[in-house]
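Biologist: I'm new to reading protein models. Could you walk me through this one, feature by feature?

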Amino acid sequence: MHFHHHGYVTGDPRNQAPAGIGKDRPADLPDEMDVLIVGTGPAGMITAAQLSQYPEVHTRIIEQRPGRLEVGQADGIQARSVETFQAFGFADEITNEAYRITEMAFWKPNPDNPDHIVRTSRPLDDEHGISEFPHLIVNQARVLDYFNEFMGRSASRITPDYGVEFLDLKVTEDPDYPVEVTVRHHTGKYESRERIVRAKYVLGADGARSRVRRCIGRKLEGDTAKHAWGVMDVLAETDFPDIRLKCAIQSRSGGNILLIPREGGHLFRMYVDLGEVADDDGGKVRQTSLDAIIEKANSIIHPYTLEVRHVAWHSVYEVGHRVTDKFDDVPEDLTGERTPRVFIAGDACHTHSAKAGQGMNVSMQDGFNLGWKLGQVVTGRSPEALLSTYSEERQEVAQNLIDFDKEWSTLMAKKPEEMEDPSVLEDFYVKTFEFPAGFMTEYKPSVITGTAEHQELAEGWTVGKRFKSAEVSRVCDGNPLHLGHLATADGRWRIYAFADAPAAGEDSKLSRWAEWLKTAPESPVVRFTPADGDDDAIFDTKVIYQQKHPEVDISAVPEVFKPKVGPFRLTYYNDVFGIHPQTDIFEERGISRDGAVVVVRPDQYVAHVLPLTATAELAEFFNGIFLDPDRSA
């Protein structure tokens, strides 16, 4: 953690000094703001949390509820999300209170007695080590709490405006605040009144019944599987031996169960198969009683029994797979001609079953993708065209999720005798683990994602996919660290320079590249760093040498890797690394011994891989993303 550069800090270093809007943030929802977010679910909260790192941007997030969410329906946290939490500073805290999935048990009818179930396999959750982060189960409400704490400690001092209901919006020709939003207040100064507020941009993160989506003319398109499930979070006594393991349970005639232990040591969730839904059901299945769900669960786990003693929450739903064609308000015939003003994220633009544990996770990645883009545009760092990449990137991800979830939920609903191969369910689970873990997203070439022309220089970091961390050793203090874990959600771009063989201080491709980055007029660091900002205000530039850390002379390291920061212009030494004592990052990630430059976006996706000699290409890439500080968006 980086602090003291503005002076001695005696309190909690996570509390940033108020700046920008945080110095005099209006207590009540004002008439005008830069960004208005509708909904305090995962997509809305992570967007607000990311925007909280731009104190120049006036961001508000409204919620119809009178206060925080207390019981969340989502609970599965994939490894990619925990990786994201690391950037927001609370991965360790939430991991400590969560249930950690390390194995999954599969139960099927006993061949010798088909009326009884028996465990058939127990594979590891991540047997290939796709991520160093765990797969967690924790109440969605706690995830929202952590984001709320993060943005409340930020320089922006963002807090949700509870008790404010979104009613309508329209996009006007106003050059400053073109989105006109009608809201109704249920508490506070404006209680029982409707008001019109104006914003530069609006995000609808207001759920599957999104009013924002309706206002911009988008519709969820797709189908509903004719299959119903009862879901319940319960405390119970049972003799079922795997009650604290994630389980897929298939019975001969009673249906199926997906069992997910919850945090806290006692609570668990059951998705209980209620069977096919008749075409003329008319929603009657949703009236299935809790007692009927419990009875069904007991028939499925026979010969074991389940005595429910407390129910925290329960519901009945039919599996649906729907997605909108675009995630913003730009009509198809105007794509490329005008830029969006209104966006939708999360359940507002994609819905699916809960059994793959993807809803909250994909929704958060929607918000992480959009937040830094809004921050760069509103602050004038980037042209408005950057915002068009949000829908382009995330709609394809949502469609891939729908396709995956259809296959998984179909398999979960099948009877054992309907499967050609009895192990098909567990085989699918192991084979496709990278997708539900959140690591299959691969953005296509665009203004913010380069081509794979030089991919061979860093084979372990596919351009367009997330930057998978690896261990290094910091030169200034000898600490072994995960390189990717140092990238905080501060909106900065990362430039990782991997040195060619010569040591620090010797003439090399790295030393010549570093000199260009520090001094050349066309260098993105020179061109786009504000004159009154820290040297690393826009670009977090780090160097990794092929030597172990004691062999690197930090005094000989190029100055661009030792930025001056804070009002006292102090030298920051923490951006210089050697290889880890036990692992060589060059070998682990397939990095060329001739060196390489790896560019990573603020949302942790690899944007480019270039040789150290490709200064013109690096300059050209960032020229398409940033505006000169003295120009406006």
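**Reading the model together**

Modeller: Let's begin with a residue that is neither hidden nor fully out in the open: Arg 157 has 27% relative accessibility, so it counts as partly exposed. Keep in mind that this is a predicted model.

Biologist: Where does Arg 157 lie, and what is its phi?

Modeller: The general idea is that most residues other than glycine have a negative phi, and most peptide bonds are trans. Arg 157 has a positive phi of about 55° although it is not a glycine. You'll find Arg 157 in the loop between α4 (140-153) and β8 (161-162).

Biologist: Which arginine in the loop between β23 and β24 should I look at?

Modeller: Try Arg 569, which lies in that loop, between β23 (564-565) and β24 (570-571). Arg 569 has a positive phi of about 55° and is not a glycine. With 40% relative accessibility, Arg 569 counts as partly exposed.

Biologist: And the peptide bond from His 302 to Pro 303: cis or trans?

Modeller: That bond is cis, with omega near 20°. Pro 303 sits in the loop between α6 (290-300) and β16 (306-323).

Biologist: On to helices. How do I read the length of α7?

Modeller: Compare its reach with what you'd expect at 1.5 Å a residue. Helix α7 (residues 359-378) has 20 residues and reaches 28 Å from its first C-alpha to its last, close to the 28 Å expected. Just after α7, Gly 380 takes a positive phi of about 85°.

Biologist: Is α7 mostly covered or exposed?

Modeller: Mostly covered: 20 of its 20 residues are buried, and buried here means under 20% relative accessible area.

Biologist: Which residues have the most contacts inside the largest nonpolar core?

Modeller: To read a core, look for buried nonpolar residues joined through side-chain atoms within 4.5 Å. The largest one has 113 residues, and those with the most contacts inside it are Phe 147, Trp 493, Trp 513, Phe 561 and Phe 622. Helix α7 gives the largest share of this core, eight residues. A second, separate core has 26 residues, including Trp 107 and Ile 300.

Biologist: What is Phe 147 in contact with, leaving aside neighbours within four places in sequence?

Modeller: Its contacts include Met 45, Phe 85, Phe 88 and Met 364.

Biologist: Now strands. Which ones are joined to β22?

Modeller: First, the general idea: in a regular strand the side chains alternate between the two faces of the sheet. Here, six bridges join β21 (residues 493-498) to β22, and the two run parallel. One pairing to find is Ile 495 with its bridge partner in β22, Thr 541. Three bridges join β22 to β25 (residues 576-579), again running parallel; there, Val 543 has Val 576 in β25 as its bridge partner. As for cover, nine of the 10 residues in β22 (residues 539-548) are buried.

Biologist: How many disulfides are there?

Modeller: To spot one, look for two cysteine sulfur atoms within 2.5 Å. A search of the whole structure finds zero disulfides. Take Cys 349: the nearest cysteine sulfur, that of Cys 215, is 15 Å away. Cys 349 is at 0% relative accessibility, so it counts as buried, whereas Cys 476, at 35%, counts as partly exposed.

Biologist: Last one: what does the UniProt annotation cover?

Modeller: The unreviewed UniProt entry annotates residues 441-628 as "domain: Phenol hydroxylase-like C-terminal dimerisation". Over that stretch the chain is 15% helix and 22% strand, with the end C-alpha atoms 31 Å apart.

Key
Residues numbered from 1 in each chain as written. Predicted model: local features only at pLDDT ≥ 70, side-chain atom pairs only at ≥ 80, totals over all residues. Heavy atoms only, no water. UniProt positions renumbered as here; feature names shortened; annotations may be inferred. Helix = DSSP H or I, 4+ residues; strand = E, 2+ residues; numbered from the N terminus. Buried < 20%, exposed > 50% of the residue type's maximum accessible area, 1.4 Å probe, protein only. Pairing = 2+ DSSP bridges. Expected span 1.5 Å × (residues − 1). Contact = heavy atoms within 4.5 Å.
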